[in-house]
Every structure is written in C-alpha cells, then in structure tokens.
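Here's a quick briefing to read with the model open in your viewer. It goes through a helix, two sheets and a couple of buried residues.

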Amino acid sequence: MAQGKTKSSELPPRFDPRSFEEPTYSRWSAGGYFGADPRSPRATYVIVMPPPNVTAELHMGHGLNNTIQDVLIRWRRMQGREALWVPGTDHAGIATQNVVERQLAAEGKTRWDLGRDAFVERVWDWVRETGGTILDQLKAIGSSADWDRTCFTLDAGPSQAVREVFVRLYEKGLIYRGKYIVNWCPRCATALANEEVEHEEVEGALYYQRYPVVGDESYFAVVATTRPETMLGDTAVAIHPQDHRHEGLLGKQVMLPLAEREIPVIADEFVDPDFGTGLVKVTPAHDPNDFEIGLRHDLEQIDIFNPDATLSDAVPERFRGMDRFAARDAVVEELKERGLLEKTEKHMHSVGHCYRCHTMVEPRVSEQWFVQMKPLAEPALEAYRKGKVRFTPERWGGVYQNWLENVRDWCISRQLWWGHRIPVWYCASCDAMLVRRDDPEACSECGGRELQQDPDVLDTWFSSWLWPFNTLGWPDETEDLKAFYPGHTLVTAPEIIFFWVARMIMAGFEFMGEVPFNDVYLHGTVRDQLGRRMSKSMGNGIDPLEVVQIFGADALRFTLMNGLGIGADLQLNNEDLEESFHVGRNFGNKIWNAARLALPHLEGDVEPLPGRGVLELSDRWILSRLGRAIREVTDDLERFRLHEAAAELYRFFWNELCDWYLELVKPRLYDESSPEARAVARSVLRDVLDTSLRLLHPIMPFITEELWQRLPNREAGSIMVSSWPEPRPEWADPEAEAQIGILQEMLSAVRNIRSEYHVAHGTDIEVRLLAADESLRRAIDAEGEATVKLGGIDRISFDGESQGAEAMAVLSSGAEVHVPLGGLIDLARERGRLEKQAQELAALVERSEKRLASADFVNKAPAQVVEQAREKLQGLREQLDKLNQKRRILEGE
C-alpha cells in the first residue's frame with residue numbers, strides 16, 4: 001500500500017491524545033484497514049471476540065479483554081497475516097429479558113400483560129436502540145475488529161445455525177427431553193445449567209429432626225438437614241448399607257412429621273455415615289443426589305415448590321403459598337412445639353445462586369431439554385491430551401480436562417420468551433412431536449394443522465458455542481468459512497472456561513471436524529486497590545471511557561498490558577485514576593517529546609541506513625540494542641507475555657533511546673559543519689524511531705500512527721499495515737554494547753558522586769580515570785563530545801596525581817573514577833555536616849549494641865524482634881562506615 005502525504009514534522013508542545021485519537025480511528029475505518037479478504041493468498045490469523053451482552057456497557061474487564069485481542073490482531077496483521085477479528089454481541093437471554101421486564105414493572109406492567117409476541121418485539125426495540133452501544137465504545141479504545149462482519153446471536157444466520165445444530169443432535173440421539181432435577185431460579189423463573197450456578201459459602205444451620213418410627217413412636221430416626229422446609233417432600237429415610245448403628249431400622253416405616261405420611265427406611269451406598277447421625281432424609285424432587293437415590297429405589301417425586309419458590313399444593317394446606325424461607329421458619333417452629341427438633345447447630349455450607357440475579361437457586365424436578373455431553377466431550381478431551389489445544393496459563397488445561405472427564409448432561413431449555421425458540425412442535429390431533437429446521441405448517445404424522453411450538457427458549461450458550469463458525473456463515477459453505485476456519489487464538493476469562501470455551505471446542509469437532517482454535521489465553525481479573533473484583537453493584541469500577549477522556553486510549557492500553565502478569569489479576573485504584581494510569585500517560589508524553597526532538601532533524605529525504613563501516617559507536621550500539629528489543633518483544637508476544645513485551649518496550653524507548661542515544665547523537669544532529677556525519681545520524685535516527693514506533697504500535701496504536709505519519713520514507717499508508725520489525729543479524733554488535741555499557745556505568749558513577757556530594761548540576765567537574773581499559777578509552781574517544789555534556793564534565797584525564805579531597809567509584813571493569821571535590825563544594829561545611837551525622841549514627845549504634853548485649857532482651861523478646869534488632873544494627877554500622885569513608889575523602893586521606 002502506497003504511503004500517503006507526510007504530515008508536518010512540527011508537533012504541538014503539549015501532548016494531547018484527544019486531538020488525534022478519534023480522527024485517527026476514523027481514517028483507519030475509512031481506509032478499510034480492519035477488514036480481511038477471504039481470497040487473500042496470505043496465511044490467516046483469526047480471533048473471535050467473546051460477544052459482550054447487548055445489555056452491557058463498557059467496563060474495565062471489557063477494556064482488558066479487548067485490548068489483549070487488539071494487541072494480538074495488530075501484531076499479526078503487521079506480520080503479514082490476513083488477520084480477522086470477528087466482533088459481535090450476545091442476545092443474553094436472561095439478562096436482556098430482565099432489563100425489559102424491569103422497564104415494564106416501572107410502567108406497572110408485566111410481560112404477561114403484553115403477551116409473548118408483543119413482549120419479544122419490545123425487547124427487539126430496546127436491542128435495536130441500545131444493543132450496539134458497547135461495540136461503539138470498544139472503538140474508543142482502539143479495537144480494530146472487522147466491523148463489517150459484526151454478528152448478533154439472534155441474527156438470521158446464527159439462528160439458522162442454532163436450528164441446524166439442534167436438529168442434527170436430536171437426530172443423533174444426543175438431545176433428549178426428560179424430567180430431571182435442575183437448578184431453578186425463582187427470580188428469573190427458569191432452569192439453569194450447572195455452570196450457570198455460582199456457589200457461595202454461607203453460614204446456615206444444621207437441623208436435627210426426629211421422625212417417629214411407625215409402631216414404636218417412642219423411637220425416632222434422627223436426620224440432619226440444612227433445608228427443613230423440604231421435609232414436606234421427603235419420600236424416604238436412607239442409611240449406608242454398612243452402617244450397623246441403624247440396621248435395625250431397615251425395612252421399617254417412619255412417620256413424616258407435619259405431613260403425616262409414612263415413608264420407608266432404605267439402604268443406599270451414597271449415604272455418608274459421617275454426616276449428621278448417618279441417617280439422611282431423601283427428597284427426590286429437590287436434591288440431585290436424592291433424585292438419583294429415588295430412581296434407584298423407585299421413590300415418588302413430590303415437588304413442593306411453585307415456580308416462584310412459594311410452597312405448592314403438594315404440602316399441607318397451612319403451608320401453601322408461603323415463601324420458602326417463611327416456610328422454613330414455620331416448619332422449624334412446629335417441630336419445636338411437637339418436640340421433634342432435637343437440636344440446631346451452626347453450619348457452613350455451599351449454596352448455589354443464579355449467575356445473573358444472584359437469587360438462591362432451588363434444585364427442582366422439571367421437564368427440560370438436555371444435551372448428552374459425554375460423546376461430544378471425548379474428541380475435545382483428546383485434542384487437549386494431544387496438544388492440539390493449549391492453555392495459557394497451563395494450569396487451566398488441567399481444569400478443562402477434569403471438567404470434561406466428569407462432564408454432566410447440559411440442560412439447554414430456559415423458561416423465557418427472549419431467545420432462540422426450541423424448534424419442536426406438538427400436534428394437538430395426534431400428540432406427535434415434530435423437530436424441524438423450518439416451521440411446519442401441518443403435522444407430518446396426521447396432517448393436522450393445530451401445532452403448538454414448545455414455549456421454552458434455548459440457553460444463551462447454545463448459540464454462543466457455535467460462535468467460531470456460525471459467524472463465518474455456517475451451515476452454508478461460504479468463502480469466509482473456508483478461509484477463516486479454524487481460527488487461532490481465543491482470549492477470554494477463566495470463569496467461562498466451562499460455559500463457553502470447552503463447549504466451543506466440542507462444537508468445533510462435532511460440526512466442523514476440527515478444533516476451532518489452538519491457543520486459549522485466559523487472563524486475570526481487574527480488581528480495585530483492596531483486591532476486590534470491580535463491579536457496578538459495588539461501585540468500585542473504573543469507566544474506561546473516562547480514562548480515555550482524561551489520559552487517552554494509549555495510556556489505558558499500556559497500563560493494562562504493563563500490569564498484566566500471566567495468571568495474575570490486575571489491580572487499579574478506582575479512587576485515584578492518576579495513581580493507576582500516570583505511568584501510561586507519562587510514557588506517551590515521553591514518546592511525544594522524543595519525537596518533538598527528533599522529527600525536525602528528519603525533514604526532507606533521509607538517506608537509507610548506511611553500511612556498518614561508517615556508523616559511529618553509538619549508532620552501532622542503538623541498532624544492536626534495537627535488534628535485541630525486536631527479538632524479545634516478538635518472543636514475548638508469541639508466548640502471550642504481553643506484560644513483558646510492554647516492559648521491554650518501555651525500557652528500550654525510555655532508557656536506551658531517549659536517555660542515552662538521543663543525547664549521544666545530539667552533537668552530530670546539530671553539527672552543520674559535517675554533513676556526512678549528520679546524514680548518518682539522521683539515517684540511524686529515522687530507522688530507530690520508525691522501528692520503535694512499529695514495535696509500540698500494537699499496544700499504543702494512536703500515538704504511534706500520529707507520529708509515524710510524520711516520518712519520511714514510510715513504507716505504507718498506515719502504520720497498521722507496515723511490516724513488523726525483524727532483527728537484522730548484521731546489527732548485532734557485542735563490542736559496541738560493551739563499550740557503551742562501560743561508558744554508561746562511568747557516567748552513572750559521576751552522576752551518583754554529584755548527587756552524593758550535592759554538586760550543583762550546572763557545575764562542570766573534572767574526572768580522572770585510573771586503570772581504564774581499552775574499551776572505556778575507545779568509548780570516550782568515540783563519544784567524547786556527548787560524554788562531557790551528559791556528565792557535565794569539564795575535562796577527562798586518564799592519569800595524574802590525587803588533588804586532595806576526591807570522591808571515587810570503582811567500575812565493574814576495575815577502572816576507578818575520581819572526581820576532585822576542591823572548588824566544587826564548601827569542604828569545611830561539608831566536613832561539619834558529616835561530623836554531626838556520624839555522631840548521631842554512632843549514638844544509635846551504641847544504643848543498639850547495648851540492647852542486644854542484654855541477655856534479658858535476647859532471651860525474652862520474640863525471636864523475630866531480636867532478628868530485626870540485629871538487622872537494624874548491621875544497617876546502622878554500614879551507614880556509619882560509609883559516612884566515615886566520606887569524611888576521610890574530604891580530609892584528603
């Protein structure tokens with residue numbers, strides 16, 4: 001792609017990201033840089049965006065997740081790959097229906113007042129109005145997704161794919177309908193899959209209830225439970241077959257208190273003899289384990305709950321219509337009154353809550369649709385074992401494997417109105433059940449036209465698990481599907497490894513015959529300064545758009561990447577944005593100011609980089625260091641170590657390019673008397689700045705584009721499609737690195753001496769170098785003019801006699817750096833100051849020594865306190881030795 005017109009090299013003195021970020025994004029979009037061509041001969045690189053819910057507004061978790069994806073997609077695009085990042089949104093069945101139902105409630109209405117069709121249309125109106133908001137917000141942080149391919153899980157294409165999958169799985173016998181125990185959310189009035197239930201440890205109570213033995217009412221079977229209200233649905237009491245304590249009860253009947261029903265005492269190996277008394281109540285309709293026991297023993301299933309978790313007509317009349325928790329209190333109170341509550345104990349236990357509304361769920365028998373998961377899990381498990389699917393961090397692979405090895409059938413039906421309606425119809429004439437890809441007009445069995453579609457919708461994840469291929473046109477054989485499936489990388493959060501990641505891999509094998517991606521990068525969670533997960537409900541979140549407005553998108557992106565350790569959470573201070581984002585903002589400012597210095601020297605044509613023979617030492621050094629940075633950053637990105645890539649870029653640009661090379665090259669840039677030397681300096685500077693901006697671009701796209709457009713001799717119209725830097729072997733120069741390294745060490749020693757002895761920065765000093773090796777001598781000879789300016793040095797000599805009071809430092813090479821202090825500072829005043837400090841330190845040392853000499857202190861104080869006192873004494877002695885050494889220097893000893 002041809003380069004455009006070069007922008008002016010003159011930059012505003014103030015770095016203001018708001019002045020160029022939005023226009024830059026608009027130019028990218030208009031230029032078509034986000035798109036991918038399925039007919040391209042280039043190797044592909046594909047990421048599918050985890051589709052945010054249409055109810056969502058951008059939060060810092062979205063910011064983190066999508067910045068990671070954008071860094072990867074920009075990097076691969078620059079590497080020459082046909083890079084596709086597929087965006088989209090999820091219809092989010094429960095969440096979206098809840099939003100609209102709350103709106104209706106504010107109007108004094110319910111969804112039942114509108115009816116199904118009108119309610120669904122109301123939801124569609126809301127989605128059309130606000131559903132794309134979060135995608136627009138993602139653009140503000142620089143996301144370079146292919147927006148022309150934006151997909152919504154309820155679009156026609158994905159909806160067709162959902163029906164196709166349902167029918168195929170049904171025809172294979174992998175989808176079935178049955179009455180099973182499910183997780184029921186009373187607030188959302190729907191079943192939930194096991195993975196949609198969040199378990200929390202709560203303090204409850206263990207109630208020991210007495211069930212009178214029929215025929216011997218003075219003898220009781222005592223059972224322990226955390227949910228006494230469910231006793232009204234008990235149909236047995238169970239013991240372990242090997243628990244001889246209660247074997248006399250086997251085969252007998254007990255009277256179920258309050259319900260006044262006789263129930264049997266049975267033996268089942270599931271019973272834990274160590275829990276409670278070893279006797280357990282069996283409630284098949286309201287506990288998954290009891291449900292299995294009930295099937296084994298052919299027990300009745302008594303559902304005591306209505307959909308809203310009030311008690312149903314299956315319980316005694318006095319309890320009907322009670323809220324479940326009110327019923328618990330009533331049951332406990334009546335048991336007490338009858339002398340049938342033996343005792344109550346505090347008990348910590350895990351309680352399931354709805355992942356959307358956080359209401360406590362109830363296990364409940366209900367007729368639902370399920371997917372048989374074992375056959376689907378086997379190829380997904382095998383793919384991991386053979387290394388076809390890799391996880392970063394690696395530990396999540398073990399979690400994935402364990403879940404697949406113990407996978408349970410997936411409840412896919414939801415008692416909602418918003419979502420993909422289950423493609424099943426029931427014939428009123430002959431009771432036939434029709435499972436169809438298209439809406440049937442008549443019954444295929446009897447020709448009857450009274451058909452009623454199943455009222456339930458499919459779990460939201462039933463459309464999401466098809467995302468890697470239904471976004472590309474499946475089940476049709478499209479160009480996109482052929483070109484871009486399978487993809488490469490999935491970036492998401494660990495909490496949906498079961499909901500989404502594992503199921504996508506299963507679907508990929510089942511419907512496409514291969515894994516949908518090879519690498520799964522699971523990033524950490526954004527937390528506040530107290531370590532709490534950021535959330536809207538807690539009020540501790542940070543709005544990424546506010547950060548963009550104040551500091552710029554690049555500052556946000558760099559901060560997120562710089563703090564993102566592999567497998568670690570990211571902490572930000574929601575009460576002090578300056579504390580959280582100043583590093584990213586300051587780095588952007590540093591890049592801007594470096595370009596302000598460099599660009600005026602790069603106006604007009606700049607000659608190509610010359611051969612090594614005409615390069616100065618500092619040129620060879622910066623090119624060698626740049627080659628090292630290219631290798632390290634590329635390797636970091638390959639291994640998903642984005643925080644290390646950010647840290648390496650920061651170190652190279654700030655510490656090596658800005659702090660050293662720009663200072664070393666300044667004399668030549670400003671030297672009009674030597675055009676050849678200046679031309680070489682301009683060539684190297686242009687190449688180094690160009691390469692640095694390209695390395696920085698994936699993480700900081702806006703400022704790099706703005707500055708890159710001002711460089712001469714650009715290779716493309718946008719830095720987005722410029723080539724990713726490759727290390728050039730001829731740049732490697734260990735000798736130059738060693739020479740500049742010892743020069744840096746010498747100058748750092750000089751600066752430390754200045755600081756230690758309070759020598760004013762503007763005061764030139766003399767430096768004597770003793771035992772300097774050839775490497776240091778050559779470095780000073782090559783970079784002498786810049787060296788004296790950087791160090792504020794008047795003269796450097798390599799021999800000579802001591803001139804009285806001299807500060808000294810020894811370099812790693814053994815060379816000694818001497819700085820005569822006479823005339824630089826008031827020696828008498830400095831001696832007096834050091835004398836006073838030495839006396840104070842000596843007094844502290846003496847007090848510490850006396851304390852540690854006390855047997856009473858050493859023997860009675862905690863060992864940790866004694867050790868701290870010894871460490872403190874050691875530190876005080878070292879400070880005193882250093883101070884006395886400085887005093888001797890000032891005495892000229």
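Contact here means heavy atoms within 4.5 Å. Keep in mind that this is a predicted model. With that settled, here's the tour.

**Helix 6 and what sits on it**

- Start with helix 6, residues 133-140, where I134, L135, Q137 and L138 are the buried ones.
- Those buried residues span an arc of only 155 degrees around the axis, which means they sit on the same side of helix 6.
- The cover over them includes helix 2 (60-78), strand 3 (88-89) and helix 16 (544-551).
- Just after helix 6 comes G142, and its phi is positive, near 100 degrees.

**R557, a buried arginine**

- You'll find R557 in helix 17, which runs over residues 553-562.
- Is R557 buried or exposed? Its relative accessible area is 0%, and the cut-off for buried is under 20%, so R557 counts as buried.
- Once you skip neighbours within four places in sequence, R557 is in contact with T67, D70, V71, R74, I141, G142, S143, P698, I699 and P701.
- One name in that contact list, G142, is the positive-phi residue that follows helix 6.
- Helix 2 spans 60-78, so if you're looking at T67, D70, V71 and R74 as contacts of R557, that's the stretch to pull up.

**The three-strand sheet**

- Three strands make an open sheet here, in the order 19-18-20, and the pairing is antiparallel.
- Strand 19 (433-435) and strand 20 (451-453) are the edge strands, each pairing on one side only.
- On average, neighbouring strands in this sheet are turned by 30 degrees against each other, ignoring direction.
- Strand 18 (residues 424-427) and strand 19 run antiparallel and are joined by three bridges; V424, for instance, has V435 in strand 19 as its bridge partner.
- Helix 7 (residues 156-171) lies across strands 18, 19 and 20, and it runs at about 120 degrees to strand 19.

**I422, in the loop before strand 18**

- I422 belongs to the loop between strand 17 (413-414) and strand 18.
- I422 has 0% relative accessibility, so it counts as buried.
- Leaving out residues up to four places away in sequence, I422 touches F166, W369, S413, Q453, D454, D456, V457 and L458.
- How far apart are I422 and V389 in space, C-alpha to C-alpha? The distance is 32 Å, with their positions 33 residues apart in sequence.

**The four-strand sheet**

- Four strands form another open sheet, in the order 27-26-29-28, this time with mixed pairing.
- Strand 27 (793-797) and strand 28 (806-810) are at the edges with a single partner strand each, so each has one side without a neighbour in the sheet.
- From one strand to the next, the twist averages 20 degrees.
- Strand 26 (residues 765-770) and strand 29 (residues 816-820) run antiparallel, joined by three bridges; L769 has V817 in strand 29 as its bridge partner.
- Helix 23 (residues 734-756) packs on this sheet and touches strands 26, 27, 28 and 29, with its direction at about 35 degrees to that of strand 29.
- Helix 25 (residues 784-791) also packs on the sheet, touching strands 26 and 27, and its direction makes about 125 degrees with that of strand 27.

Key
Residues numbered from 1 in each chain as written. Predicted model: local features only at pLDDT ≥ 70, side-chain atom pairs only at ≥ 80, totals over all residues. Heavy atoms only, no water. Buried < 20%, exposed > 50% of the residue type's maximum accessible area, 1.4 Å probe, protein only. Helix = DSSP H or I, 4+ residues; strand = E, 2+ residues; numbered from the N terminus. Arc of directions from axis to C-beta. Pairing = 2+ DSSP bridges. Axes fitted to C-alpha atoms, helices over the stretch in contact; angles between N-to-C directions.
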